[in-house]
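Let's take a walk through a protein chain together. Keep the structure open beside you, and turn it around as you read.

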Amino acid sequence: MRAPVLVTLFVCVLSDATTRHFTEEQMAAVRQRIKSMFYHAYNSYLDNAFPYDELRPLTCDGQDTWGSFSLTLIDALDTLLVLGNRTEFQRVASLLQDTVDFDIDVNASVFETNIRVVGGLLSAHLLAGRAKMELEPGWPCSGPLLRMAEEAARKLLPAFQTPTGMPYGTVNLLRGVSPTETPVTCTAGVGTFILEFATLSRLTGDEEFEDAARRALRALWRTRSNIGLVGNHIDVLTKKWVAQDAGIGAGVDSYFEYLVKGAILLQDEELLHMFLEYDRAIQNYTRFDDWYLWVQMHKGTVSMPVFQSLEAFWPGLQSLLGNLDSAVRTFQNYYSVWRQFGGLPEFYSIPQGYTVDKREGYPLRPELIESAMYLFRATGDHTYLQLGLDALESIEKITKTPCGYASVKDLRDHQLDNRMESFFLAETIKYLYLLFDPAHFLHGGGTEGDGSWEEGGEGGGCVLGAGGFIFNTEAHPLDPAALHCCGRHARDRQELRDVLLGLMQPSGQPERGRTEAPPPAPPPGPLEDPPPGQSESIVLKPGERKTPLLSCPVQPFSARLAVLGQVFSDDT
């Protein structure tokens, strides 16, 4: 395992020698190039592929891949606003409301539908105010895009109806889970729901979504091995591991990502504790010379000494927890692979220093660019901007076609494949743009859009969009302040209902023949206006006990996402 060390040292020296400092003007020029890239791909999709899910850039037509949702349009919606295009955002948001139907007889991936469709709609809903769309009273706790996200997520809930709470991998949107559906799914397919489902629950007040996601997470947590690792594929009915390779790449990656980001978004110590326990085992058993290998989950012995392109998210995740030294070294290893091929092959043999047979492709994935964005934010080192420029030029040179950008079938000879996945517009271009725009509103600045924050909630009593956005694994940004806002209003409404019901409950003896406590109140509904002529004041009847005054504290959102890992607010 000494060869990787030599590669790392060489790349570090090379980077130091060749990296230049980017001026504001140069960064602005790169952003314009990225915008041009986006619109070439986006307009090609609209002209040749809509309403299909994806563009086929070699034949200039479209295909359905993940469920016939016009997926690329949903996935790209928030990117339009990231690039500053409010007009097209508004048009597409309205178009989706009129054209997308989830009540269809289609088998859909539970994982992909959640991260791309539910996540994309939630993000667009939360950005609707900044896009100057007409908002419903009480936004962000209500709105048409939120209702679409809820409808899509509700179609996924039958998959969670298992003895363990871990979901099936596929669900029919009309009929639910097929009786012949396999119970085997990947680890990420079990543990990648807490961001979207908790956001839904806290915006709508329906706890069913967050409860389902948490039950799945806790069930998965209980299946870890004696040395603290999880495998790659599990039977959701029996909790038996079918594939016992443990690592941080394909099939597992976003599970670890959601433990960290869920801890930040929800201020949740349980999720952070889970990740930190896993991280100890990952560092002990899978890390070698700042590469992360695949090992047997029970023994810790190496099973696959390969780097997978999906693992490139890891340095960015480490930076969120303040593990910068390790993140930088691992990033340099991954960057060395990019420089070798002009992209990251799906599998790369670390001992051989070359691609793995039948895994030589690059489907325009974003993970290395994503990590570069986080590390540039954390360090200010322009090495990461150089990676961004390298990526931009590689994609333009190798993958551009007259009808968009094509996945690379083989990085050795740059053969192309007839597919442009929706994540190219949702993630790759978005992270690339944000890398070169450190003053963007998603970073807490205000260059794209007027103002750095917005009012929201009942009576405009919440501050939204002020920073601290959390990206789901499809790069859809979620605003923690919105969850706090709607959750606070829900608690206030429930407290008010409890007070009113308590005041209206007559005192005295129970009804004749009854000795048990009165039945619980029905589920709360919308508070109704009093009938005409009836006073809105509440007067105590003789003998009734006075209830303490209602307290509705307004607590400012205080979550912080610090470079050196300050995850929780002071009063957590």
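The paragraphs below go from the whole chain to its core, its sheets, a helix and a loop.

Before we start, bear in mind that this is a predicted model. The chain has 572 residues, and 56% of them count as buried. Its secondary structure comes to 17 helices and 23 strands. How do parts that are far apart in sequence meet? Among the contacts with a separation of 6 or more, 71% are between residues 24 or more positions apart. On the outside, the chain exposes about 24,300 Å², and carbon and sulfur atoms supply 51% of that area.

Now look inside. The largest nonpolar core has 170 residues, and the members that touch the most others are Phe 256, Phe 307, Trp 314, Phe 424, Leu 425 and Phe 436. Helix H5 (residues 110–127) gives the largest share of this core, with 10 residues. Let's pause at Trp 314. Leaving aside residues up to four places away in sequence, Trp 314 touches Ile 248, Phe 256, Phe 275, Asp 279, Ile 282, Gln 283, Tyr 292 and Ser 371. Trp 314 also belongs to an aromatic cluster, together with Trp 221, Tyr 255, Phe 256, Phe 275, Tyr 278, Tyr 292 and Phe 313.

Aromatic rings turn up in pairs too, and the count for this model comes to 29 aromatic pairs. One of them joins Trp 291 and Tyr 348, whose rings are stacked, at 6.3 Å centre to centre and with 15° between the planes. This pair links distant parts of the chain: Trp 291 lies in strand E10 (residues 291–292) and Tyr 348 in strand E14 (residues 347–349), 57 residues apart. Are these two residues buried or exposed? Both Trp 291 and Tyr 348 are buried.

Tyr 348 leads us to a sheet. Strands of a sheet pair through backbone hydrogen bonds, and they can do so in a parallel or an antiparallel way. The open sheet here has three strands in the order E13-E14-E15, with antiparallel pairing. Strand E13 (306–308) and strand E15 (354–355) are the edge strands, and each pairs on one side only. Two bridges hold E14 and E15 in their antiparallel pairing, and Thr 355 in E15 is the bridge partner of Tyr 348.

Another open sheet of three strands follows the order E8-E11-E12, again with antiparallel pairing. Why do two of its strands count as edges? Strand E8 (245–246) and strand E12 (302–304) each have a single partner strand, so one side of each is left without a neighbour in the sheet. E8 is joined to strand E11 (residues 294–296) by two bridges, and Asp 245 stands opposite Gln 296 in E11.

Next, try a small calculation on helix H15 (residues 383–399). With 17 residues at 1.5 Å a residue, H15 should span 24 Å, taking one less than its number of residues. The C-alpha atoms at its ends are 24 Å apart, which agrees. H15 is also mostly covered, with 14 of its 17 residues buried.

Our last stop is Pro 402, in the loop between strand E16 (400–401) and strand E17 (404–405). Pro 402 has a relative accessible area of 76%, and exposed means over 50%, so this residue counts as exposed. Pro 402 still has contacts: leaving aside residues up to four places away in sequence, Pro 402 touches His 40 and Ser 44. The C-alpha atoms of Pro 402 and Pro 57 are separated by 7.6 Å, although these residues are 345 residues apart along the chain.

How values were computed:
Residues are numbered from 1 along each chain as its sequence is written. This is a predicted model: local features need pLDDT of at least 70, side-chain atom pairs count only at pLDDT 80 or more; totals for chains, interfaces and linings use all residues. Side-chain values use heavy atoms; hydrogens and water are left out. Helices (H or I, at least four residues) and strands (E, at least two) are DSSP runs, numbered from the N terminus. Buried means under 20% relative accessible area, exposed over 50%, partly exposed in between (1.4 Å probe, protein chains only). Two strands pair if DSSP finds at least two bridges between them. Contact means heavy atoms within 4.5 Å. Accessible areas come from the Shrake-Rupley method with a 1.4 Å probe; for residues, only the protein chains shown count as cover. A nonpolar core is a set of buried Ala, Val, Leu, Ile, Met, Phe, Trp, Tyr and Cys residues joined through side-chain atoms within 4.5 Å. Rings of Phe, Tyr and Trp (its six-membered ring) pair if their centres lie within 6.5 Å; planes under 30 degrees apart count as stacked, over 60 as edge-to-face and the rest as tilted.
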